[in-house]
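The following paragraphs go through one protein model, starting with a term that the later steps rely on. Please keep the sequence and the structure in view while reading.

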Amino acid sequence: MLKVNAINVSYGKVEIIKQVSFEVNQGEVVVIIGANGAGKTTIMKTVTGLLKPTQGEIMFEGQTISRTPAEKIVKLGLAMCPEGRQVFPQHTVYENLVLGGYLIRKDKQMFLKNIEQMYSLFPILKERSKQFAGTLSGGEQQMLAIARAMMSNPKLLLLDEPSAGLAPIYVKGIFDMIRKLSEQGTTILLVEQMANMALKIANRAYVLETGRIALGGTAEEIMNDPKVVESYLGAKKY
Ligand SMILES: Nc1ncnc2c1ncn2[C@@H]1O[C@H](COP(=O)(O)OP(=O)(O)OP(=O)(O)O)[C@@H](O)[C@H]1O
Ligand SMILES: [Mg+2]
């Protein structure tokens, strides 16, 4: 579905992403694991067209999107839930979902169906539909941000560190949700530092180290790789 082929991405003269290749097949959950500053967000922004690769190619459903403007990429069915759960704080939960459904706004039935689906997946959002998003807890805001991205029926959902800044109890809730979305047929690419949880729900994984893919394999292979265990799964021996 998504094929990233040897891309380089730079900010000015500084090359951050170097020869990165990976792919996401229909129905998969794929995770890219990487430490702070490894280039995870840069990759997400490049896939969604906010940054352009200086080299290499990005294909979505057989079509090259490396030079396609971001707003066209969204319409092709790629939705991103950005880092730092950027909900609209002065709008209610419901209004945030309406804004997420912008692309399907003319299809009233589809819109209502999606709202109902999100409310049944995330009952807390239904309960709090009239509350201002800015007054939700961090975990609730993250759920809203994901639900909002899902409102446009994306073929591929991109999640940039959904666990960031959340207490462990919320992190589990978020990953349960991501698993549910996947079981309902959404293809998901996520980037994470929380390797543990992410690997449990992923089919395949890649490890990103200072802008390069250091390792790739099934989630199980990556989970059992001694280097991954030492660097990302918190099993360091002192
Ligand atoms: N707009 C920018 N201009 C210059 N350098 C940038 C810019 N955005 C990011 N960088 C640099 O690119 C590198 C990768 O950043 P990126 O945000 O992709 O990392 P990340 O893996 O998402 O990290 P984190 O886990 O902290 O979110 C960092 O060294 C960062 O300082
Ligand atoms: Mg980031």
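A residue is called buried under 20% relative accessible area, exposed over 50%, and partly exposed in between. The model discussed here is predicted. Its protein has an average pLDDT of 92, and 98% of the residues score at least 70. Among the elements, strand E1 (residues 2-11) has the highest mean pLDDT, 98, while helix H10 (residues 226-232) has the lowest, 84.

The metal site comes next. Which protein atoms act as donors of the magnesium ion (ligand 2)? They are OG1 of Thr41 and, listed twice, OE of Glu83, at 2.0 to 2.8 Å from the ion. Thr41 belongs to helix H1 (residues 40-47), whereas Glu83 sits in the loop between strand E6 (78-81) and H3, so the pair ties together parts that are 42 residues apart in sequence. With a relative accessible area of 21%, Thr41 is partly exposed, because the range for that class starts where buried ends, at 20%. Glu83 is also partly exposed, its relative accessible area being 34%.

Helix H1 also holds Lys40. Is Lys40 buried or exposed? Its relative accessible area is 5%, so Lys40 is buried. Leaving aside residues up to four places away in sequence, Lys40 touches Ile32, Gly34, Ala35, Glu161, Val191, Glu192, Gln193 and Leu208.

A second buried position is Ala149, with 8% relative accessibility. Ala149 is part of helix H6 (residues 138-150). Which residue lies 5.9 Å from Ala149, C-alpha to C-alpha, although 68 residues separate the two in sequence? That residue is Cys81. Cys81 is also among the contacts of Ala149, together with Ala79, Met80, Pro154 and Leu157, again not counting residues up to four places away in sequence. Strand E6 spans 78-81, and the contacts Ala79, Met80 and Cys81 carry numbers within that span.

The last stop is on the surface. Val74, Tyr102 and Leu103 form a nonpolar patch there, and their accessible area together is about 260 Å². Leu103 is placed in the loop between helix H3 (93-100) and helix H4 (108-121). At 34% relative accessibility, Leu103 counts as partly exposed. Why can Leu103 be part of a patch? Patches are made of residues with over 30% relative accessible area and no salt bridge, and the 34% of Leu103 therefore passes the area cut-off.

Methods
Residues are numbered from 1 along each chain as its sequence is written. Chains are lettered from A and ligands numbered from 1 in the order in which they are written. This is a predicted model: local features need pLDDT of at least 70, side-chain atom pairs count only at pLDDT 80 or more; totals for chains, interfaces and linings use all residues. Side-chain values use heavy atoms; hydrogens and water are left out. Patches are made of residues with over 30% relative accessible area and no salt bridge: like charges are joined within 9 Å, nonpolar side chains (Val, Leu, Ile, Met, Phe, Trp, Tyr) within 5 Å. Accessible areas come from the Shrake-Rupley method with a 1.4 Å probe; for residues, only the protein chains shown count as cover. A salt bridge is a side-chain nitrogen of Lys or Arg within 4 Å of a carboxyl oxygen of Asp or Glu. Helices (H or I, at least four residues) and strands (E, at least two) are DSSP runs, numbered from the N terminus. Buried means under 20% relative accessible area, exposed over 50%, partly exposed in between (1.4 Å probe, protein chains only). Donors are N, O and S atoms within 2.8 Å of the metal (3.2 Å for Na, K and Ca); water is not among the atoms, so sites may look incomplete. Contact means heavy atoms within 4.5 Å. pLDDT is the predictor's confidence in each residue, from 0 to 100.
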